[in-house]
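Visitor: I would like to learn how to read some features of a model. Please take them one at a time, with the general idea before the case.

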Amino acid sequence: MRKFVKFNLKLYKGNRYYVPGLIDDELRTLDAKKNPAFKFCEAAYFLAYRDGEIVGRIAGIINNKANETWNQNNARFGFVDFINDDEVVDALFGAVIDWAKRRGKEMLQGPMGFTDLDHQGMLVEGFDQLGTMATIYNYAYYPKQMERMGFVKDQDWREYKIFVPAQMPEKHMRISEIVRKKYGLKILKFKSQKEVLPYAHRIFETLNQAYAPLYGFSELSREQIDYYVKVYIPMIRLDFVTVIVRKEDDKVVAFAITMPNLSRGLQKAGGSLLPFGWAHLYKELNFRGNKVVDLYLIGVIPEYQNKGVNALLFDDLIPIFHRNGVEYAESNPELETNTAVQMQWNYFEREHHKTRRSYIKRI
């Protein structure tokens, strides 16, 4: 498993756009004993060898809850990397297809993970752009290999650079004030992890409601929420987190978890917190001078969507970005069909700089 996780570090060595994850985090994600997604998922992992050397990797995943939710009978592929060699690629995908067929599956789609919070979507545009902690980076030959094998587009995500304005757009300010008063909303900020914890599970419950209609999503279980709270809460920078509640009952109606971009720190860490990887990440997370922020997770419950609540989120966050010298935000992937999300950037200068794709093929 460690060889499986570390293969891409070798494959992308010296590539200035590739951002490695943390080896231990990926091992934990792939471990059936540690990842609660295995309560409703199954997986198999394959390595391709040539002359004793690893030349490719791939995971086959079946998310039974997602299949039930979307009335599908699909398998997924993910955690896929390979050299540009037809024989290697055919062997990897052949192994996953055989595995999926033996389980009675009809289609293979991906790259996707166990849940919506895992990496998904193969890069098809933006190979000269720095990756982020939340996304996959891959070479330009990957999508060409997918098309050669007969895979077709299932869904695209777009990513934007959203430039922080010198001041909050006047229309946003008016909207945020109207929305705050009309719906009786309140912005929460936190000074300690202890203050966040009473709201942590409610944030993920809001995510479940907000993300329910999105491609491939399956509702996070209580065990998964416990898992993500344990993983993510210690990582967040509190001033970059905004939660909006309804005053009358303290219900979380919206949230934004943003973080200083950790890409350069992750590159320097090289997949490990030890011996000094933690210091590189700490510096990017806590010191001014990091000019990029990642919009990591943003959610609004359905009854408050398209009512201007997003303006309230950014009315709080933009001054914080200013104080920390942030010049632009990475949107991270947004479904091309999710026009409501993309419309929120209409008042900002933005640049569409990456596109990623999920492929599908009948097997």
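Visitor: At what angle do helix 1 and helix 2 pack, and how far apart are their axes?

Guide: Two packed helices are described by the angle between their axes and the distance between the axes. Here helix 1 (residues 2–11) and helix 2 (residues 23–30) pack at about 135 degrees, and their axes are 10 Å apart. That makes helix 1 oblique to helix 2. Angles under 35 degrees count as roughly parallel, over 145 as roughly antiparallel, 65 to 115 as roughly perpendicular and the rest as oblique. Axes are lines fitted to C-alpha atoms, for helices over the stretch in contact, and angles run from 0 to 180 degrees between N-to-C directions. Helices (H or I, at least four residues) and strands (E, at least two) are DSSP runs, numbered from the N terminus.

The model is predicted: local features need pLDDT of at least 70 and side-chain atom pairs count only at pLDDT 80 or more, while totals for chains, interfaces and linings use all residues. Residues are numbered from 1 along each chain as its sequence is written, and side-chain values use heavy atoms, with hydrogens and water left out.

Visitor: What is the handedness of the crossing of helix 1 and helix 2, and which residues meet there?

Guide: The crossing is right-handed. A crossing is left-handed if the near helix is turned anticlockwise from the far one by less than a right angle, and right-handed if clockwise. From helix 1, Arg2, Phe4, Val5, Lys6 and Leu9 meet Ile23, Asp24, Glu26, Leu27 and Leu30 of helix 2. By class, the residues of this contact are six nonpolar, no polar and four charged. Ala, Val, Leu, Ile, Met, Phe, Trp, Tyr, Cys and Pro count as nonpolar, Asp, Glu, Lys and Arg as charged, and the others, Gly among them, as polar. Contact means heavy atoms within 4.5 Å.

Visitor: Which residues of helix 8 are buried?

Guide: An α-helix has 3.6 residues a turn, so residues three or four places apart point the same way. In helix 8 (residues 222–232) the buried residues are Gln224, Ile225, Tyr227, Tyr228, Val229, Val231 and Tyr232. Buried means under 20% relative accessible area, exposed over 50%, partly exposed in between (1.4 Å probe, protein chains only). Their cover includes helix 2, helix 3 (64–69), helix 7 (193–211) and strand 10.

Visitor: How many bridges join strand 13 to strand 4, to strand 5 and to strand 6?

Guide: In a regular strand the side chains alternate between the two faces of the sheet. Two strands pair if DSSP finds at least two bridges between them. Strand 13 is antiparallel to strand 4, with four bridges, and methionine 107 has arginine 362 of strand 13 as its bridge partner. With strand 5 the pairing is antiparallel over three bridges; there, glutamate 125 is matched with threonine 355. Strand 6 (residues 152–163) is joined to strand 13 by ten bridges, again antiparallel, and lysine 161 has glutamate 351 as its partner.

Visitor: Is lysine 354 buried or exposed?

Guide: Lysine 354, in strand 13 (residues 350–362), counts as buried because its relative accessibility is 2%. Beyond four places in sequence, its contacts include Glu125, Gln129, Trp157, Arg158, Glu159 and Glu330. Glutamine 129 lies in the loop between strand 5 and helix 5 (141–148) and is buried at 18%. Apart from residues up to four places away, glutamine 129 touches Tyr17, Tyr137, Lys161, His353 and Lys354.

Visitor: Which peptide bonds are cis, and where is phi positive outside glycine?

Guide: Most residues other than glycine have a negative phi, and most peptide bonds are trans. Cis bonds include the one joining glycine 110 and proline 111, with omega about 5 degrees, and the one from leucine 274 to proline 275, with omega near 0 degrees. Proline 111 is in the loop between strand 4 and strand 5. Aspartate 250 has a positive phi near 65 degrees; this residue is partly exposed, at 23% relative accessible area. Asparagine 306 has a positive phi of about 60 degrees and counts as exposed at 69% relative accessibility. The loop holding asparagine 306 runs between strand 10 (292–300) and helix 11 (309–323).
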